[in-house]
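Got the viewer open? Let's take a short walk through this one, a stop at a time, with something to select at each.

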Amino acid sequence: AALQRLLAAAVAEPDRGVWDLELASEAERQQVHREWNDTETPGWPPEDWDLAGRFAVAAAAHPDAPALAFEDARLTYAELEARANRLAHHLAGLGVAPGDRVGILLERSAAFVVAVLAAVKAGAAYVPLDPAYPEERRTFMVEDAGAGVVLTEALLAEAAAAIASRPSTPPAVAGGGGGGASLAYVMFTSGSTGVPKGIAIPHRAVLRLVLDTNYVRLAPGERVAQASNTSFDAATFEIWGALLNGACLVGVPREVALSPEDLGALLERERIAALFLTTALFQQLAVDRPAALRGVRSLLFGGEVADPGRVRALVASGDRPERLLHVYGPTEGTTFTTAGELTEAQEGRSLPIGRPITASTVHLLDRLGRPVPLGAAGELCAGGAGLAWGYPGRADLTAERFVPDPFAAHPGARLYRTGDLCRFLPDGRIDFLGRFDSQVKLRGFRIELGEIEAALAAQPGVREALVLVREDTPGDRRLVAYVAPDPERPAVAAELREALRARLPDYMVPAAFVELPSLPLNPNGKVDRAALPAPEGGRSGAAVPYVEPGTALEREIAAAVREVLGLDRVGRDDSFFDLGAHSLSMIRIATALTGRLGRPVRVIEIFRFPNVAALARHLGEAEEVPLDRETHDRRADARRQSMSRRREMRRGR
């Protein structure tokens with residue numbers, strides 16, 4: 001139909017260029033821009049609402065209900081309200097005023113949540129800073145955001161007595177008086193120019209994400225897991241979704257989130273009703289411990305392209321959660337822009353990302369900003385109350401990515417150009433097709449490859465550098481760096497890895513480095529990416545000389561690591577991280593070792609002892625503790641069931 005319209009228009013107006021001709025019919029435009037984007041209610045969220053005010057309402061309604069459960073720290077709503085108020089008064093005493101930025105350099109913990117709440121109660125915006133980030137990166141983020149105060153464990157400990165003496169009632173500046181239009185937080189993502197970029201999110205964008213939504217219901221008394229990194233925007237959904245709805249926020253330690261066995265036990269023990277997982281972690285859990293998901297009422301996953309086969313197998317099984325939601329959204333759209341419930345084992349090469357959530361709109365446009373016909377590919381442009389202000393201090397980039405919304409009913413509305421290529425399916429769901437640029441999503445993290453390439457090019461001994469995401473082993477997507485060294489001072493892979501670790505988060509450090517005399521070019525003079533070779537199974541990232549594994553246990557461990565990482569050999573002293581291991585491959589190593597050794601090996605053990613020699617010593621000592629026959633048989637049965645499930649899931653792919 002679109003081709004017929006194009007040909008008819010070309011005949012009727014032969015002097016017009018092809019790109020000036022309309023492809024979408026009036027009926028399609030009406031359906032796509034009006035009917036499928038009918039998600040807004042006038043005046044929602046109310047302009048006078050803010051996060052501090054809505055939390056105060058929840059705390060007043062449920063003072064004795066549990067608000068936080070983080071390992072040994074458990075607070076009711078009344079206790080959380082009082083602690084946050086005292087810290088907010090202390091921040092005001094430090095000179096923090098409405099509109100200021102407060103950096104929060106704390107691990108995922110009750111203290112982090114108290115600090116976030118205190119910042120907005122003081123009328124400021126919070127800036128989450130991951131303690132695992134290199135100091136150089138954290139310093140840049142603090143300066144770029146303009147954070148005059150940074151809350152750290154040391155600062156809070158030093159000021160504990162002073163904070164405790166502050167009033168437990170809300171400060172007079174609660175919410176900053178700016179309502180929904182005021183700034184709630186600044187979160188940083190990878191930047192294509194070589195440095196991270198901050199994204200400014202207003203209060204109303206968060207409110208529309210978690211209150212009276214059309215995709216999930218979070219009820220008072222329910223328990224919501226916080227399994228996300230504090231500087232990852234899914235934490236926005238977790239923290240505020242719980243606290244503004246009277247639910248209890250349950251902290252999931254990082255090592256627990258990465259262990260299918262431990263995470264499953266926590267979900268059952270804490271009676272988790274709502275859980276978000278990155279796609280990669282969700283798929284790993286669906287293979288290793290699907291039964292753990294059965295009791296979750298609403299499980300949301302997203303962050304990168306899903307494997308339809310794995311998801312399809314879980315949906316068809318009896319281990320699925322009550323509701324399984326595939327969610328999508330850039331940080332500039334405040335965590336989620338679309339969501340879709342998977343209710344059956346849907347066929348197809350991809351999983352749709354759903355439809356717009358409450359107070360959000362989605363338009364698929366061509367390069368001239370016009371609607372594409374149904375089924376055609378176009379850039380996903382997001383609108384509605386979830387949009388960020390833009391990029392503070394980057395007016396040029398803000399103007400480039402945030403453009404006027406010609407489809408909105410009210411003036412001044414904007415669209416965010418995501419750079420994602422999508423299409424509408426006949427029923428209104430959206431199908432994700434790919435990217436226009438070099439931005440990638442890996443294990444839930446948004447990465448601009450240009451930032452890694454810039455960091456590599458800045459190193460002595462590097463003449464050219466290019467970074468790709470490769471999947472040479474099914475299910476194992478990883479970053480690979482291609483480096484053309486300076487002949488006079490060639491760079492060494494181990495040195496480059498350490499240099500990048502000093503500038504970039506771990507998830508942005510390539511798993512493998514490939515040295516080439518020069519980057520291959522195509523006839524147009526551009527890098528021929530198809531000609532770039534797969535990494536060989538060597539030890540390019542190893543920082544120590546190779547030493548042959550000695551004992552039988554060391555050889556079993558080395559074999560498991562070789563198998564998972566696709567290496568030719570693994571030395572007894574090689575760091576698994578230096579060899580390219582990441583959080584998900586650590587899970588796979590634990591699974592492989594469990595099968596090889598006939599005894600459970602937990603992910604946390606591999607993180608704590610990340611080389612062959614250390615892990616062998618640890619496992620050898622643990623093996624000396626005898627198991628009673630009942631425990632031995634129970635573990636053997638569990639291993640057989642786990643291996644059977646994995647085989648079934650692989651067949652379902």
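Start by selecting Asp 307 and Gly 309. Asp 307 caps the N-terminal end of helix α14, with one of its side-chain oxygens 2.9 Å from the backbone nitrogen of Gly 309. Keep in mind as you zoom in that this is a predicted model.

Now extend the selection to the whole of α14, residues 308-316. Is this helix enclosed or out in the open? It is largely enclosed by the rest of the structure, because 8 of its 9 residues are buried. Colour Pro 308, Gly 309, Arg 310, Val 311, Arg 312, Ala 313, Leu 314 and Val 315 to see the buried ones. Two arginines, Arg 310 and Arg 312, are on that list.

Next stop: strand β13, residues 338-341, where you'll want Glu 341. With a relative accessibility of 34%, Glu 341 counts as partly exposed, since that value falls between the 20% and 50% cut-offs. Show its surroundings, leaving out anything up to four places away in sequence, and you'll find Glu 341 touching Glu 322, Arg 323, Leu 324 and Leu 325. Which of these side chains does the side chain of Glu 341 make a polar contact with? Draw a distance to the side chain of Arg 323: the polar contact there is 3.3 Å. While you're here, pick the C-alpha atoms of Glu 341 and His 326, which sit 6.3 Å apart in space with their positions 15 residues apart in sequence.

Time for the empty space. A search of the whole structure turns up 3 cavities of 30 Å³ or more, and the largest holds about 60 Å³. To find that largest cavity, select its lining: Phe 112, Val 116, Tyr 126, Pro 128, Tyr 185, Met 187, Thr 230, Ala 235, Thr 236 and Ile 239. Switch to cartoon and look for α5 (110-121), β4 (125-128), β6 (183-189) and α10 (234-243), the elements that each give two or more residues to this lining. Helix α10 has the largest share, with 3 residues. What classes of residue face the space? The lining counts 8 nonpolar and 2 polar residues, and no charged ones.

Finally, zoom out to the whole protein. There are 22 helices and 24 strands to scroll through, and 57% of the 653 residues are buried. Put a surface on: the accessible area comes to about 27,400 Å², with 51% of it belonging to carbon and sulfur atoms. If you plot a contact map, note that among contacts with a separation of 6 or more, 69% join residues 24 or more positions apart.

Technical notes. Residues are numbered from 1 along each chain as its sequence is written. This is a predicted model: local features need pLDDT of at least 70, side-chain atom pairs count only at pLDDT 80 or more; totals for chains, interfaces and linings use all residues. Side-chain values use heavy atoms; hydrogens and water are left out. Buried means under 20% relative accessible area, exposed over 50%, partly exposed in between (1.4 Å probe, protein chains only). Helices (H or I, at least four residues) and strands (E, at least two) are DSSP runs, numbered from the N terminus. A polar contact is a pair of N or O atoms within 3.5 Å; within protein, one must be able to donate a hydrogen and the other to accept it, and residues adjacent in sequence count only if both atoms are side-chain atoms. On a 1 Å grid over the protein atoms alone, a cavity is a set of points where a 1.4 Å probe fits but cannot get out, and a pocket is an open set with protein on both sides within 12 Å along at least five of seven lines; lining residues have an atom within 4 Å of a point. Grid points are joined across faces, edges and corners, and a volume is the space filled by probe spheres set on the points. Ala, Val, Leu, Ile, Met, Phe, Trp, Tyr, Cys and Pro count as nonpolar, Asp, Glu, Lys and Arg as charged, and the others, Gly among them, as polar. Contact means heavy atoms within 4.5 Å. Accessible areas come from the Shrake-Rupley method with a 1.4 Å probe; for residues, only the protein chains shown count as cover.
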